Amino acid sequence: MLCFGLAYPARSQDNAMMHKRFTNEDVIGMVKLGLDEDVIITKIRAMSAAGGDAISLDTGIDGLKNLKAAGVPDSVIKAMISPTPQSATI
């Protein structure tokens, strides 16, 4: 019984880490790592497709100010505002 009690908190921490939302701070961290814009945009789109609980991006005026101050490229900010890829028109 004691082993079960000790294992439960560790499992709760794993679940919490698995359900962490993707935020502006994650985008800023990826930019600071030097990841290519296409990689960051792909991650934004993948997290957006995963559902509303997976992503929480602030694209309000204050959020945009913070993103620009952190050096996030405009193409990445555009993907944050509208994460679904634009369909090609022929």
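**Entry on N24.** I began with N24 and asked whether this residue is buried or exposed in the model, which is a predicted one. N24 has a relative accessible area of 10%, and because values under 20% count as buried, I noted N24 as buried. I then looked up where N24 sits in the chain, and found the residue in helix 2, which covers residues 24-33. Next I listed what N24 touches, leaving aside residues up to four places away in sequence: the partners are S56, L57, D58, G63, L67 and M80. For D58, I also wrote down a polar pairing, since the backbone nitrogen of D58 lies 2.7 Å from a polar atom of the N24 side chain.

**Entry on the chain as a whole.** I stepped back to see how the elements follow one another, and counted 5 helices and 2 strands in the protein chain. Read from the N terminus, their order is α-β-α-α-β-α-α. I noted that the chain has 90 residues and that buried residues make up 22% of them. I also looked up how contacts are spread along the sequence: among those between residues at least 6 apart, 64% join residues at least 24 apart.

**Entry on helix 3 and helix 5.** Two packed helices are described by the angle between their axes and the distance between the axes. I looked up both values for helix 3, residues 37-49, and helix 5, residues 74-81, and found that their axes come within 9 Å and cross at roughly 10°. Angles under 35 degrees count as roughly parallel, so I recorded helix 3 and helix 5 as roughly parallel to each other. Which residues make the contact? From helix 3 I listed E37, I40, I41 and I44, and from helix 5 I listed S75, V76, A79 and M80. Sorting the residues of this contact by character gave me 6 nonpolar, 1 polar and 1 charged. I marked M80 in particular, as M80 belongs to the contact between helix 3 and helix 5 and is also touched by N24.

**Entry on the salt bridges.** Side chains of opposite charge can pair when their charged atoms come close. I wanted to know how many salt bridges the structure holds, and the count came to 3.

I took K20 and D26 as one pair, whose side chains meet at 3.0 Å, N to O. D26 is partly exposed, with a relative accessible area of 22%.

The side chains of R21 and D53 meet in another salt bridge, at 3.6 Å from N to O. R21 lies in the loop between helix 1 (2-18) and strand 1 (22-23), while D53 lies in the loop between helix 3 and strand 2 (55-56), so I noted that this pair ties together parts that are 32 residues apart in sequence. I compared their accessibility as well: R21 is partly exposed at 39% relative accessible area, whereas D53 is exposed at 62%.

For K68 and D74, the side chains meet in a salt bridge at 2.9 Å, N to O. K68 is partly exposed, with a relative accessible area of 45%, and D74 is likewise partly exposed, at 46%.

**Last entry, on D53 and K20.** I returned to D53 to look up its separation from K20, and found 8.6 Å between their C-alpha atoms, although the two residues are 33 residues apart along the chain. I added beside this that K20 has its salt bridge with D26, and D53 has its salt bridge with R21.

Technical notes. Residues numbered from 1 in each chain as written. Predicted model: local features only at pLDDT ≥ 70, side-chain atom pairs only at ≥ 80, totals over all residues. Heavy atoms only, no water. Axes fitted to C-alpha atoms, helices over the stretch in contact; angles between N-to-C directions. Helix = DSSP H or I, 4+ residues; strand = E, 2+ residues; numbered from the N terminus. Parallel < 35°, antiparallel > 145°, perpendicular 65-115°, else oblique. Contact = heavy atoms within 4.5 Å. Nonpolar A, V, L, I, M, F, W, Y, C, P; charged D, E, K, R; others polar. Buried < 20%, exposed > 50% of the residue type's maximum accessible area, 1.4 Å probe, protein only. Polar contact = N/O pair within 3.5 Å; in protein donor to acceptor, adjacent residues only side chain to side chain. Salt bridge = Lys/Arg side-chain N within 4 Å of Asp/Glu carboxyl O.
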